[in-house]
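Trainee: Could you take me through this one and tell me how each label is earned?

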4 protein chains.
Amino acid sequence: MPQSFKTLYRVSWADTDAAQIVHFSNFFRFFERAEEEFYMHIGLIDQLGDKEIIIPRVEAFCQYRKPAKFNDLLEIELTVEEIKEKAVKYGFKIYKNETKELLANGYVVAVATNKQTLKATQIPKEIVEKLKTFCNK
Amino acid sequence: MPQSFKTLYRVSWADTDAAQIVHFSNFFRFFERAEEEFYMHIGLIDQLGDKEIIIPRVEAFCQYRKPAKFNDLLEIELTVEEIKEKAVKYGFKIYKNETKELLANGYVVAVATNKQTLKATQIPKEIVEKLKTFCNK
Amino acid sequence: MPQSFKTLYRVSWADTDAAQIVHFSNFFRFFERAEEEFYMHIGLIDQLGDKEIIIPRVEAFCQYRKPAKFNDLLEIELTVEEIKEKAVKYGFKIYKNETKELLANGYVVAVATNKQTLKATQIPKEIVEKLKTFCNK
Amino acid sequence: MPQSFKTLYRVSWADTDAAQIVHFSNFFRFFERAEEEFYMHIGLIDQLGDKEIIIPRVEAFCQYRKPAKFNDLLEIELTVEEIKEKAVKYGFKIYKNETKELLANGYVVAVATNKQTLKATQIPKEIVEKLKTFCNK
């Protein structure tokens, strides 16, 4: 049974826009923050730094269901949807923590890439092993 | 034959991240900027302000093909992919202006919403008429 | 003896720029986040929302001493430097939590403003009383 | 008689916050954008890229006089306030282009820094010569 990883984030004033809700682009930053904390949790945060292999996004999607507002405490849930040799797909759900309402869901696909050649390469084995424990495919 | 709308944007230092490329979330801000300039172009920018009917995004997607870098001049192309009674789907392509390479493509779906009730409502007729001249569906 | 308020913030990838350090504008967002958590701490966060009296910044200053980097855990220290009838000045110091090195310091001056008239007005008494317990002037 | 450099910038939705005005931190991004266009204008934009000598900010200040709003066309005026051997101070004024009202003014001090040692170093002579033609000190 795959586990999910959950983290909390409180909406700051700078996250909002003139519609008095979180700007739609910032949900992708919240996804990324959950991914960073997930990598901290599995002990691989240093893998995201300045290495030979980088793991840039190749796709990002978000479906917006209800607005998030200033000072809302958000629960961000990350799941590892799929791992391939060179790519990984993360799923995200963002809830309002207080009410557990789903505000948004989405995904990000990242591909391991050689920093010099910019060609797709294999995800480092250490990362694959860790990610697999969070994935059911 | 539907027209597309094109605008230029130069990448600023604040758009980049530590991978020395444009942060993936900022492509959605570039999409939005193109949408704003499109609304200026069709004379409806005031419709995006503080009105009874707002048109928030319900979906956003981006596929990243090649990185954009500091000081790159980007050409952003907007097309009206589909208009329904209450929703509109915009397509976006971002090119490096100098080489015409496609860096990213994506779409955004927006739904007309009553600001008080937060329920979906009809897109104002004035907007629909204008958008239709840019759409082939 | 005035107290200071301290909070922690971990640098996210989106906070960095192509110099592989936190973008200078984001230190002001870190200041703001500390201010928000300070208002939570003193039980007045609701005062920052959508009220008749807003408290916009009229001045902001930051001195940058050492760069902050991706994944650095920052300690942000807020002090109430000065309270006048209509204005408050907050001081900020940002440390790298691990080493206690001072990375940046600065201040923000905010003035209570009537939302309708946009004229300066008295800071609500409830806020002044709370802030005074954090100030030595 | 020193010249100033002027550029235009239109406020995007993502620049605003829940007070329905431009977020105070974004004025520093507008300063930076003017600086980038100034460097383009004087033919030195490549000097801001990935070189041995970087020119990070050591101080940034902004005074906010009137709010900027969504879709406002801003005129940003840059002046070279002072050039020292290792440091340069830029002044900025931001006007609402339509009415010529001053919305904000401020400055940024940058110090030439060796990328490896992170120690202050002399500003490249080519840059100093160009900047001097914009400075009266």
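Mentor: Sure, we'll go through the sheets, the pairings, the symmetry and the contacts.
Mentor: This is a predicted model, where local features need pLDDT of at least 70, side-chain atom pairs count only at pLDDT 80 or more, and totals for chains, interfaces and linings use all residues. Residues are numbered from 1 along each chain as its sequence is written, while chains are lettered from A and ligands numbered from 1 in the order in which they are written.

Trainee: What makes β4 and β5 of chain A a pair of strands?
Mentor: Start with the word strand: helices (H or I, at least four residues) and strands (E, at least two) are DSSP runs, numbered from the N terminus. Two strands then pair if DSSP finds at least two bridges between them. Strand β4 of chain A (residues 73-83) and strand β5 of chain A (residues 87-96) have nine bridges, in the antiparallel sense, so they pass the cut-off of at least two. To see one position, look at A:E77, which stands opposite A:K93 in β5(A).

Trainee: Which strands make up the open sheet that holds β1(A), and in what order?
Mentor: Ten strands, with antiparallel pairing: β1(A)-β4(A)-β5(A)-β6(A)-β3(A)-β3(B)-β6(B)-β5(B)-β4(B)-β1(B).

Trainee: Why are β1 of chain A and β1 of chain B called edge strands?
Mentor: Each of these two strands, both 5-10, pairs on one side only. From one strand to the next, the twist averages 20 degrees. For that angle, axes are lines fitted to C-alpha atoms (for helices, over the stretch in contact), and angles run from 0 to 180 degrees between N-to-C directions.

Trainee: How do you know that β3(A) and β3 of chain B pair across the chains?
Mentor: Count the bridges: five join β3(A) to β3 (residues 57-64) of chain B, and the strands run antiparallel. Five against a requirement of at least two, so the pairing holds. In that pairing A:F61 stands opposite B:F61.

Trainee: What makes the relation between chain A and chain B a two-fold axis?
Mentor: In general, two copies of a chain are related by a rotation about an axis and a shift along it. Here a rotation of 180 degrees with 0.0 Å of shift along its axis superposes chain A on chain B, with an RMSD of 0.0 Å. That is the relation of a two-fold axis. In chain A, the C-alpha nearest the axis belongs to A:F61, 2.2 Å from it. The fit itself superposes copies by least squares on the C-alpha atoms of residues with pLDDT of at least 70 in both.

Trainee: How do you know that chains A and B meet through the same surface?
Mentor: 100% of the interface residues of chain A are also interface residues in chain B, so the copies meet through the same surface. Two residues are in contact if their C-beta atoms, placed from the backbone, lie within 7 Å. The contact takes 15 residues from chain A and 15 residues from chain B. On the side of chain A, α1 (26-41) and β3 (57-64) are the elements that give two or more residues, and β3(A) has the largest share with eight residues.

Trainee: How many residues of each class are on the side of chain A that touches chain B?
Mentor: Ten nonpolar, two polar and three charged. The classes go like this: Ala, Val, Leu, Ile, Met, Phe, Trp, Tyr, Cys and Pro count as nonpolar, Asp, Glu, Lys and Arg as charged, and the others, Gly among them, as polar.

Trainee: Now chains C and D. What is the order of the open sheet that holds β1(C)?
Mentor: Its ten strands run β1(C)-β4(C)-β5(C)-β6(C)-β3(C)-β3(D)-β6(D)-β5(D)-β4(D)-β1(D), with antiparallel pairing. The edge strands are β1 (5-10) of chain C and β1 (5-10) of chain D, each pairing on one side only.

Trainee: What joins β3 of chain C to β3(D)?
Mentor: Five bridges, with the strands running antiparallel; the partner of C:C62 in β3(D) is D:A60. Overall, 15 residues of chain D are in contact with 15 residues of chain C, and β3(D) gives the most to the side of chain D, eight residues.

Trainee: Which hairpins are there to look at in chain C?
Mentor: One joins β4(C) to β5(C) through three residues, and nine bridges link those strands. Another is formed by β5(C) and β6(C), with five residues between the strands, where C:K100 takes a positive phi near 65 degrees. Nine bridges join β5(C) to β6(C), and C:V88 has C:A110 as its bridge partner in β6(C).
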